[in-house]
Amino acid sequence: MRLLIIEDDRESADYLVKAFREVGHVADHAGDGEEGLAMADSGDYDVLVIDRMLPKRDGLSVIGTLRDKGNRTPALILSALGQVDDRIKGLRAGGDDYLPKPYAFAELLARVEVLSRRRGGPAEETSYKVGDLELDRLSHRVARGDGELTLQPREFRLLEYLMKHAGQVVTRTMLLENVWDYHFDPQTNVIDVHISRLRAKIDKGFERPLLHTIRGAGYMIRDGG
């Protein structure tokens, strides 16, 4: 997906841009409403993520102007104003979804993916293959080589997420938010325990390991090396 983040808080914007890029999406940033409107109007974006309270032009005004000009790019509004009346006002202004702050990135990502699919974005894959390791999401079947592997539900989700991002570094925070739905200290050892169990099941007895620890960064599943 190609996303535009319209957010005036630099720290929040940097976090979102980095987080979306880590999961394989392209993310641009605008720091105020006027810049955001110009970029949204001229760029081909799949989804807009717009803070409601912005300098120069507020988020609802940005969305309303885009809609008046015929721009139907899905827009998700982020706001510290989370009451029912606030959400209704945002949706009536042309927003497609409304997420109050604070939020978990995992939920934001899921909502953005839903908006992209509604617009006709790429369908979610139902199977993944890395080397001779295969995972089928529909049948919950995992196999490597000629043998089928038995995974616990959490191990399956962990492997599914790693294979979805094969060849990319997956951070501990990404795993906590997307596999465990936790939003806390990434130093917890719950990830290490499950990675160790998963590695024993998918790599033990095979000449070429697929699951790698990237020191100081996270984990990666890849074929070769």
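**Figure 1. His 194 in helix H8 of the predicted model.** His 194 is part of helix H8, which spans residues 190-202. In this predicted model, the relative accessible area of His 194 is 14%, and the residue is therefore buried, the cut-off being under 20%. Beyond its neighbours within four places in sequence, His 194 is in contact with Arg 154, Leu 158 and Trp 180. Two of these contacts, Leu 158 and Trp 180, also appear in the list for Leu 175 shown in the next view.

**Figure 2. Leu 175 and the largest nonpolar core.** Residues up to four places away in sequence aside, Leu 175 touches Leu 158, Tyr 161, Val 170, Trp 180, Ile 191 and Tyr 219. Leu 175 belongs to the largest nonpolar core, which has 46 residues. Together with Phe 20, Leu 108, Leu 133, Leu 159, Leu 162 and Ile 221, Leu 175 touches the most other members of this core. Helix H6 (residues 153-164) supplies the largest share, 6 residues. Residues come from both domain 1 (2-117) and domain 2 (127-221), so this core lies between the two domains. A separate core of 16 residues lies apart from it and includes Ala 30, Leu 37, Ile 50 and Tyr 98. In soluble globular proteins, nonpolar side chains tend to be buried together.

**Figure 3. Strand S4 and its two neighbouring strands.** Strand S4 covers residues 75-79, and 5 of its 5 residues are buried, so the strand is largely enclosed by the rest of the structure. In a regular strand the side chains alternate between the two faces of the sheet. On one side of S4 are Ala 75, Ile 77 and Ser 79, and on the other are Leu 76 and Leu 78; all are buried, and both faces are thus covered. Strand S3 (residues 47-51) runs parallel to S4 and is joined to it by 4 bridges. Leu 48 has Ala 75 of S4 as its bridge partner. Strand S5 (residues 97-100) also runs parallel to S4, again with 4 bridges. Here Ile 77 stands opposite Tyr 98 of S5. Tyr 98 is also among the members of the 16-residue core.

**Figure 4. Helices H3 and H4 in the crossovers around S4.** Which elements make up the unit that leads into S4? S3, helix H3 (residues 59-68) and S4 form a β-α-β unit, and this unit is right-handed. From S4 the chain passes through helix H4 (residues 84-92) to S5, in a β-α-β crossover that is likewise right-handed.

**Figure 5. Asp 51 in strand S3.** Asp 51 is located in strand S3. An unreviewed UniProt entry places the feature "modified residue: 4-aspartylphosphate" at this residue, Asp 51. Is Asp 51 buried or exposed? Its relative accessibility is 5%, so Asp 51 counts as buried. With neighbours within four places in sequence left aside, Asp 51 is in contact with Ile 6, Glu 7, Asp 8, Gly 59, Leu 78, Ser 79 and Lys 101. Of these contacts, Leu 78 and Ser 79 are residues of S4 and lie on opposite sides of that strand.

**Figure 6. Gly 82 in the loop between S4 and H4.** Gly 82 sits in the loop that joins S4 and H4. Its relative accessible area is 24%, which makes Gly 82 partly exposed. Not counting residues up to four places away in sequence, Gly 82 touches Arg 87 and Pro 100. The C-alpha atoms of Gly 82 and Tyr 103 are 11 Å apart, with the two positions 21 residues apart along the chain.

**Figure 7. The two domains and the whole chain.** The domain assignment gives domain 1 (2-117) and domain 2 (127-221). Taken over C-alpha atoms, the centres of the two domains are separated by 31 Å. Their contact takes 8 residues from domain 1 and 10 residues from domain 2. UniProt lists residues 2-116 as "domain: Response regulatory", from an unreviewed entry. This span, residues 2-116, is 47% helix and 21% strand, and its end C-alpha atoms lie 10 Å apart. The protein chain as a whole has 8 helices and 11 strands. Of its 225 residues, 44% count as buried. The C-alpha atoms fill a box of roughly 60 × 35 × 30 Å along the principal axes. Among contacts between residues at least 6 apart in sequence, 55% join residues at least 24 apart.

Terms used: Residues are numbered from 1 along each chain as its sequence is written. This is a predicted model: local features need pLDDT of at least 70, side-chain atom pairs count only at pLDDT 80 or more; totals for chains, interfaces and linings use all residues. Side-chain values use heavy atoms; hydrogens and water are left out. Buried means under 20% relative accessible area, exposed over 50%, partly exposed in between (1.4 Å probe, protein chains only). Two strands pair if DSSP finds at least two bridges between them. A crossover is right-handed if, with the strands pointing away from the viewer, the path from the first strand over the helix to the second runs clockwise. A nonpolar core is a set of buried Ala, Val, Leu, Ile, Met, Phe, Trp, Tyr and Cys residues joined through side-chain atoms within 4.5 Å. Domain bounds come from an automatic or database domain assignment. Contact means heavy atoms within 4.5 Å. UniProt positions are given in the numbering used here, feature names are shortened, and annotations may be inferred rather than shown by experiment.
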